[in-house]
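User: I have a model open and would like to understand the labels people attach to it. Could you walk me through the reasoning behind them?

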Amino acid sequence: GSTIPADGGIVFEVPGGRVVRMGHTSTVKPEWYGALGDGVQDDTDTLRLACRSEGQYVADYGYTFRKEGGRRIKGRPGGNYRITRPVHVRKGDWLQGGGYTATRIFSNQSGIGQLIYVGWGLVDGVLVRDPGGLIPKVTDLCLAETVGGVSAIFLDSISGWDVRDCWFFADVGVRTKGITNDGFM
């Protein structure tokens with residue numbers, strides 16, 4: 001009977017109402033949103049839902065990592081998530097795998113540009129800047145492409161980041177633009 005809008009993973013529609021997933025919902029799993037992680041199915045849309053890639057942004061200038069509303073998106077060990085468009089990670093969120101060779105996000109799609117895009121996201125299909133001051137984190141992932149010309153992670157106009165224990169099989173591991181502060185790598 002929840003009135004919270006359905007998001008397909010934490011809050012979902014059922015006959016007669018909505019169900020809210022109980023427990024520690026600051027950590028979500030792509031599988032909650034329908035990802036298979038089998039290397040065959042296109043998991044782009046499900047990863048975008050888990051990462052709130054297309055959700056409205058709210059300014060937060062606290063310049064810390066974890067704050068209320070921050071989300072850890074936890075890929076499973078052995079997960080092999082194939083994407084065909086970039087996944088936008090919000091500031092203050094943590095995209096985490098099960099170990100830098102245990103969880104893979106990859107693309108075999110020409111023209112994708114980057115696998116993970118941090119600093120801007122889609123709102124109603126339009127690319128807009130995330131105004132939050134929180135630091136994004138990407139850890140314990142293998143990021144790969146098979147077509148060439150792809151950046152694994154693109155940090156766009158942010159003032160802090162944390163990228164650790166990742167394995168890159170891409171033309172560019174981490175690409176930056178408009179970085180105004182230090183981060184961890």
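Analyst: Happy to; below we take the labels one by one and set each value against its cut-off. Please keep in mind that this is a predicted model.

User: Let's start with the whole chain. What makes the chain as compact as a globular protein of its length?

Analyst: The chain holds one helix and 18 strands. Its radius of gyration is 16 Å, close to the 16 Å that the globule rule gives for 185 residues, so the chain is as compact as a globular protein of that length. Along the principal axes, the C-alpha trace spans about 50 × 40 × 30 Å.

User: How many of the contacts join residues 24 or more positions apart, and what share of the residues is buried?

Analyst: Among contacts with a separation of 6 or more, 65% are between residues 24 or more positions apart. Buried residues make up 46% of the 185 residues. As for the accessible surface, it comes to about 8700 Å², and 54% of that belongs to carbon and sulfur atoms.

User: Now the cysteines. Why is Cys 142 said to be in no disulfide?

Analyst: The structure holds zero disulfides. For Cys 142, the nearest cysteine sulfur is that of Cys 166, 9.0 Å away. A disulfide needs the two sulfur atoms within 2.5 Å, so this pair does not qualify. Seen from the other side, Cys 166 has the sulfur of Cys 142 as its nearest, again at 9.0 Å.

User: And why are Cys 142 and Cys 166 called buried?

Analyst: Buried means under 20% relative accessible area. Cys 142 has 8%, so it counts as buried. Cys 166 has 17%, and therefore it is buried too.

User: On to the rings. Why is the pair of Tyr 117 and Phe 154 called edge-to-face?

Analyst: A search of the whole structure finds two aromatic pairs, and Tyr 117 with Phe 154 is one of them. Their centres are 5.0 Å apart, within the 6.5 Å limit, so the rings pair. The angle between their planes is 65°, and over 60 counts as edge-to-face, so the label follows.

User: What does that pair tie together?

Analyst: Tyr 117 lies in strand 10 (residues 114-118) and Phe 154 in strand 15 (residues 151-156), so the pair ties together parts that are 37 residues apart in sequence. Both partners pass the buried test: Tyr 117 has 8% relative accessibility, and Phe 154 has a relative accessible area of 4%.

User: How do you know that a charge sits over the ring of Phe 154?

Analyst: The charged end of Arg 175 is 4.0 Å from the centre of the Phe 154 ring. The distance cut-off is 6 Å, so that part of the test is met. Arg 104 gives another case, with its charged end over the ring of Phe 106, 4.0 Å from the centre.

User: Last one: what makes Arg 52 and Asp 140 worth a look in the backbone?

Analyst: Most residues other than glycine have a negative phi. Arg 52, though, has a positive phi near 55°, and Asp 140 has a positive phi of about 60°. Arg 52 is found in the loop between helix 1 (44-50) and strand 5 (72-74), while Asp 140 lies in the loop between strand 13 (137-139) and strand 14 (142-145).

User: Are those two residues buried or partly exposed?

Analyst: Arg 52 has a relative accessible area of 24%, which falls between 20% and 50%, so it is partly exposed. Asp 140 is at 18%, under the 20% limit, and therefore counts as buried.

Terms used:
Residues numbered from 1 in each chain as written. Predicted model: local features only at pLDDT ≥ 70, side-chain atom pairs only at ≥ 80, totals over all residues. Heavy atoms only, no water. Buried < 20%, exposed > 50% of the residue type's maximum accessible area, 1.4 Å probe, protein only. Phe/Tyr/Trp six-rings, centres within 6.5 Å; stacked < 30°, edge-to-face > 60°. Helix = DSSP H or I, 4+ residues; strand = E, 2+ residues; numbered from the N terminus. Lys NZ or Arg CZ within 6 Å of the ring centre and 35° of its normal. Rg over C-alpha atoms; globule rule 2.2 N^0.38 Å. Contact = heavy atoms within 4.5 Å. Areas by Shrake-Rupley, 256 points an atom, 1.4 Å probe, with all protein chains shown as cover.
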